[in-house]
Amino acid sequence: MNSIAIMCSGGDSSGMNCAIKKFVEYANDKNLIPYFIYDGLEGLIDGNIQKVNYKDVSGIIHLGGTVIRTSRSKRFYEFSNRKTAYDNLQNYNIDKLIVLGGDGSFKAMNIFCQEFDISFVGVPSTIDNDVYGTDYCLGVDTALNIIKDALDEIRDTSSSFKRAFVVETMGRDCGYLALVSALTSGAEMCIIPEIKYDLDSLKLKFEKEIKDGRSYIIAIVSEATKDTQKIKNWIQEDLKFEVREMVLGHIQRGGSPSVYDRLMAFEFIFYAIDRLVEQKKINEILVYKDAEFKFLDIDDVVDKVYQIDPKLLKLASKLTR
Ligand code: F6P
């Protein structure tokens, strides 16, 4: 029987546990021996690898995070460590690998697959939703729902006082989380790196609205802009509004996976395992583009920059000027 392994790499995202559970169940259906690589690339170097069965994945479907843990590995940059990682896989006869991760992890895997004989499918999994070639990354739906809940609550207190709230969302270099959150929570401002904002015209707009009775403002700022303080000061000094700032931080990465993320996790795993069984040697990323699952060669994904859908950018532009 052939062996297949799964691991997580980089930032965790909700839905990883659903993928891990389905991985074990579907690998068994396909007569493959399933293995976990614990602690991401760090665990791969350290040989933290274990054969698993359905008991190892019972009771995890509703949990955020990842039961096999993850890591950001600097050691993997060194060839000698990558060689050790490969030797560890060989010790268990593992030549098929599924990696749940983001852009940085796929870059590392691209180097690894060029150096060693390993078949690999990457499943885009990051709340940043910033992997080139896919419209959706596992976990982004749960993160958006967590942000939505937080913003609904902030709106309650914001409207009770005459106050503005500047809320910073994650996203690394990408404004997707901030953009979708601003639109779906009815925020008044959205500051993301993909759209140039204009504080002068925003000032004119808000001054008029404040005169007409506007009593609170919610501004969503992507961490990617590094402009949270600037926007806070601007609201305080230029709009003369009392402001509170809130960095949502790592709560955006936790939480029980949404129904959508659970279903997508299952689909990703079905496609990934089928592909690894059918093809002898592949180094591919499984993407979800225009409502279809597709495989892209890893070279066509890494080193390319994800672009937010122009239709979404157009919708958000009103919140930037
Ligand atoms: O990539 C996911 C992410 O949560 C980013 O949005 C954020 O910038 C970063 O990871 C935070 O990294 P860490 O968990 O290492 O603090």
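Which residue forms a salt bridge with Arg275, and how many Å apart are the closest N and O atoms? The partner is Glu284, and the closest N and O atoms of the pair are 2.8 Å apart. Glu284 is buried, at 10% relative accessibility, whereas Arg275 is partly exposed at 22%. Please keep in mind that this is a predicted model.

**Charged pairs**

The Glu284 pair is one of the 22 salt bridges that the structure holds. As general background, side chains with opposite charges can pair when their charged atoms come close. Here are three of these pairs, with the N to O distance and the accessibility of each partner.

| Pair | N to O distance | Relative accessibility of each partner |
|---|---|---|
| Glu284 and Arg275 | 2.8 Å | Glu284 10%, Arg275 22% |
| Lys96 and Asp95 | 3.6 Å | Lys96 8%, Asp95 34% |
| Lys232 and Glu245 | 3.7 Å | Lys232 19%, Glu245 31% |

The side chains of Lys232 and Glu245 meet in a salt bridge at 3.7 Å, N to O. Lys232 belongs to helix α8 (residues 228–238) and Glu245 to strand β9 (residues 242–247), so this pair ties together parts that lie 13 residues apart in sequence. Lys232 is buried, because its relative accessible area of 19% falls under the 20% limit. Glu245, at 31%, counts as partly exposed.

Lys96 and Asp95 also join their side chains in a salt bridge. Lys96 counts as buried, while Asp95 is partly exposed. Elsewhere, Lys21, Lys22 and Glu25 are linked in a network of salt bridges.

**A buried charge without a bridge**

Now for Asp128, which sits in the loop between β5 (119–124) and α5 (140–160). Which side chain of opposite charge is nearest to Asp128? That side chain belongs to Arg172, 4.0 Å away, yet Asp128 is buried and has no salt bridge. Leaving aside residues up to four places away in sequence, Asp128 touches Gly171, Arg172, Cys174 and Tyr176.

Arg172 itself is found in the loop between β6 (163–169) and α6 (176–185). Arg172 counts as partly exposed, with a relative accessibility of 45%. Its phi angle is near 55 degrees, a positive value in a residue other than glycine.

Asn93 has a positive phi too, near 55 degrees, and is likewise a residue other than glycine. The loop that holds Asn93 runs between α3 (79–91) and β4 (94–101). At 61% relative accessibility, Asn93 counts as exposed.

**A buried strand residue**

Let us turn to strand β1 (residues 3–8), where Ile4 is found. Is Ile4 buried or exposed? Its relative accessibility is 0%, so Ile4 counts as buried. Not counting residues up to four places away in sequence, Ile4 touches a set of residues that includes Phe23, Ala27, Leu32, Ile94, Lys96, Ile273 and Leu276. Pro34 is another of these contacts. The C-alpha atoms of Ile4 and Pro34 are separated by 5.2 Å, although the two residues are 30 apart along the chain.

**A negative patch**

Finally, where does negative charge gather in a surface patch? Asp297, Asp299, Asp300 and Asp303 form a negative surface patch. One of them, Asp300, lies in the loop between β11 (292–297) and α10 (310–317). With a relative accessible area of 37%, Asp300 is partly exposed.

Definitions and conventions: Residues numbered from 1 in each chain as written. Predicted model: local features only at pLDDT ≥ 70, side-chain atom pairs only at ≥ 80, totals over all residues. Heavy atoms only, no water. Helix = DSSP H or I, 4+ residues; strand = E, 2+ residues; numbered from the N terminus. Buried < 20%, exposed > 50% of the residue type's maximum accessible area, 1.4 Å probe, protein only. Contact = heavy atoms within 4.5 Å. Patch = residues over 30% accessible without salt bridge, like charges linked within 9 Å, V, L, I, M, F, W, Y side chains within 5 Å. Areas by Shrake-Rupley, 256 points an atom, 1.4 Å probe, with all protein chains shown as cover. Lys, Arg positive; Asp, Glu negative; His and termini not counted. Charge placed at Lys NZ, Arg CZ, Asp CG, Glu CD.
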